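Me: I should like a close look at a single part of this model, set in the context of the chains around it. Please give one connected account.

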Amino acid sequence: MISQIVGVLFDGLAYGMLLFLLSVGLSVTLGLMNFTNLAHGSFAMLGGYVTVTLMRGAGWPFLLTLPVAFVAAAVASVAFERTLFRRLYRATELNQVLFTIGLVFVMAAAAAYVFGTVTQPMKVPDYLQGSVRVWGINFAVYRLFLIGIALVITVLLVGALEMTRFGAQVRAAVDNQRMAKGLGIDVDTVFAITFALGSGLAGLGGALAIEIVGLDPSFGFQYLVYVLIVVAVGGLGSIGGSFAAAILLGVSDVAGKYYVPQVGAFLIYAIMVGLLFFRPAGLFGKR
Amino acid sequence: MDPHAWLARQTRWSGAEIGFWLAALLPFLLFPTYLTLASQIAITALFAVSLDLILGYAGIISLGHAVYFGIGAYTAGLLAKHGWGEPLTGLLAGAAAATLIGFLTGLIVVRVRQLALLMITLGLGFLAAEAANSMGRITGGADGLQGISVWKLFGVFEFDLYGYTSYAYSLAALFLVFLLSRRLVHSPFGLSLRGIRENQRRMPAIGAPSHRRLLKVYTIAACFAGIAGALLAQTTQTVSLETLGFQRSADVAVMLILGGTGRLYGGIIGAIIFMLARDQLADMNPQYWYFWIGMLLMAVVLFLPTGVLGGLARLVPQRWRTA
């Protein structure tokens, strides 16, 4: 009984950590620039496909492909941001939404064209397979790895945000963009760097997600929905909020599907709608 | 110009409008083999007009409007499946169900803005789709509703494969709803909606209670969407899960942006273009279709954000414009 609950919590935590990696970038950029980028999930998908290609095509070891997935997604996002997105910063929200949805369609179609619509098979290295047994409960090694990476990244992010000058600039720009500009902070560059970092993290998340949830061209849209829920529930511009919301969502989803499968997916949407109605700015959001 | 006179001038039927509606009768004569497609276009256009009321005029960005479409469709379909196949009452039943759900969900929707609004409408859409999927015994689940048989319209006109009845029925419904919508937007109520869209906080200061107005228009839009859904169920005699789905909500938003929001004809024009394109390119691999739709969407937002009608309106010399 206890072992069952712990098992479910553990899986939920791992899934939550994955969602956190996928969502934190969107939360910060949305809070920073108020630019609704629904193509965020597609950058995650890009990271996943980069990993698959490198592993299968070039025989790279899994761990080495992770930084490449990060960089590839970051570079792609900067390219899109400089050429296309910046024209829409002043556009209405509807236009931003529709534009980025169009991008999601295009990237999904491109992925289907190049890779086909099948789920990509991938084999993680042996040292990440299997499970360890602690107090009589089995903990999957890969999930431990995932939680470990996510926690390290969280610490790095929070450290960067709280203790570096750049982090201070990001926080200032999130709180009040005009004032920040007035104080001489180059908000454009801050945004570009943050956007790249956020998308890179999404790419990393996408690469890590393959083993847990599989990768196919619909990944960009499917996980977009979850990412949006995390961002909306956690509050824009808040790393802590994304963290809390991601864990909440991950655990609810896994627990829901395990204990009440008929209601499964229903549960998260209901929680989200309810939460947003009472706190439209999210759990930790400022506006 | 005095506001009432301005509104009165807006409601005058221009030659182009009369021409357009007369042209809508042409398919009977010129394209008799395409009448089923024409009725589909009319239904989609009706749905697009209903979304324009909330999106274009009131500024509520909803990615879950298909919920009301689907509810109208399932209600009319279930009624016909379980023995009562009379089309007009089925239509009213579908509209009533959608109106009720529209009102209830509207209570939540009108109180939020921006991202929360987007998420709530998206969430409601997924909730509805999941619910319909789980209630498989009633809705037929992923297989869809089968065994719908609709009686003859007025006891005389049968819904057959030729499509004459379908198109006439759909076109009549579209025209009626269009007239109602037109009356709605060219009224002080409609003007207040546009005010709310532009600056929600200020409107109550000049006497237009925002939430109540938004709730009214949201419920009306849900009613119209329900009518469109019921029409679909009755003319195609089948209902599936995708009537509630995100795809449908997204497609209709695409049509609106294509044609131009905030101009009732925008939804109709967008629906015509979209459906015709989809019909012509139907044999294309679905992946490629979404690639091109994505590109089109991006191009329209970047270069023609006011849509086809907005672009055309810019070509009309200033002195001839009414808006």
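How many residues lie between β1(A) and β2(A) in the hairpin, and which residue in the turn has a positive phi?

Reply: The model is predicted, and what follows should be read accordingly. The hairpin formed by β1(A) and β2(A) has 2 residues between its strands, and A:W135 in the turn has a positive phi of about 50°. The strands themselves are β1, residues 131-134 of chain A, and β2, residues 137-140 of chain A; they pair in the antiparallel sense over 4 bridges. Within this pairing, A:V134 stands opposite A:I137 of β2(A).

The setting of the hairpin is a chain with 11 helices and 2 strands. Read from the N terminus, the order of elements in chain A is α-α-α-α-β-β-α-α-α-α-α-α-α. The C-alpha trace of chain A spans about 60 × 45 × 35 Å along its principal axes. Its radius of gyration is 19 Å, which agrees with the value near 19 Å for a compact globule of 287 residues. Of those 287 residues, 51% are buried. Among contacts in chain A with a separation of 6 or more, 78% are between residues 24 or more positions apart.

A:V24 offers a view of the interior of chain A. This residue belongs to helix α1 (residues 2-33) of chain A, and it counts as buried because it has 29 C-beta neighbours inside 10 Å, where 20 or more suffice. Beyond its neighbours within four places in sequence, A:V24 is in contact with A:L157, A:G198, A:L201, A:I239 and A:S242. As for A:G167, which is 143 residues from A:V24 along the chain, the C-alpha atoms of the two are separated by 15 Å.

Chain A also meets a partner: 32 of its residues are in contact with 30 residues of chain B. On the chain A side, the elements that give two or more residues are α4 (93-115), α9 (219-234) and α11 (264-278). The largest share, 16 residues, comes from α4(A). By character, this side of chain A divides into 27 nonpolar, 3 polar and 2 charged residues.

Chain B has 15 helices and 0 strands. Its C-alpha trace spans about 55 × 45 × 40 Å along the principal axes, and buried residues make up 51% of its 323 residues. The radius of gyration of chain B, 19 Å, agrees with the value near 20 Å for a compact globule of 323 residues.

One helix of chain B shows how burial is arranged around an axis. In α10 (residues 188-198) of chain B, the buried residues are B:G190, B:S192, B:L193 and B:I196. These residues lie on the same side of α10(B), because they cover an arc of only 160° around the axis. An α-helix has 3.6 residues a turn, so residues three or four places apart point the same way. The face of α10(B) turned away from the buried side carries the exposed residues B:P188 and B:E198. The cover over the buried residues of α10(B) includes α4 (35-57), α9 (164-185) and α11 (210-236) of chain B.

Finally, the largest nonpolar core has 204 residues, of which A:I229, B:L46, B:M119 and B:I227 touch the most other members. Leaving aside neighbours within four places in sequence, the contacts of B:I227 include B:L46, B:L91, B:A95, B:A173 and B:V177.

Conventions: Residues numbered from 1 in each chain as written. Chains lettered and ligands numbered in written order. Predicted model: local features only at pLDDT ≥ 70, side-chain atom pairs only at ≥ 80, totals over all residues. Contact = placed C-beta atoms within 7 Å. Nonpolar A, V, L, I, M, F, W, Y, C, P; charged D, E, K, R; others polar. Buried ≥ 20, exposed ≤ 12 C-beta atoms within 10 Å, placed from the backbone. Arc of directions from axis to C-beta. Rg over C-alpha atoms; globule rule 2.2 N^0.38 Å. Pairing = 2+ DSSP bridges. Core = buried A, V, L, I, M, F, W, Y, C linked by C-beta atoms within 7 Å.
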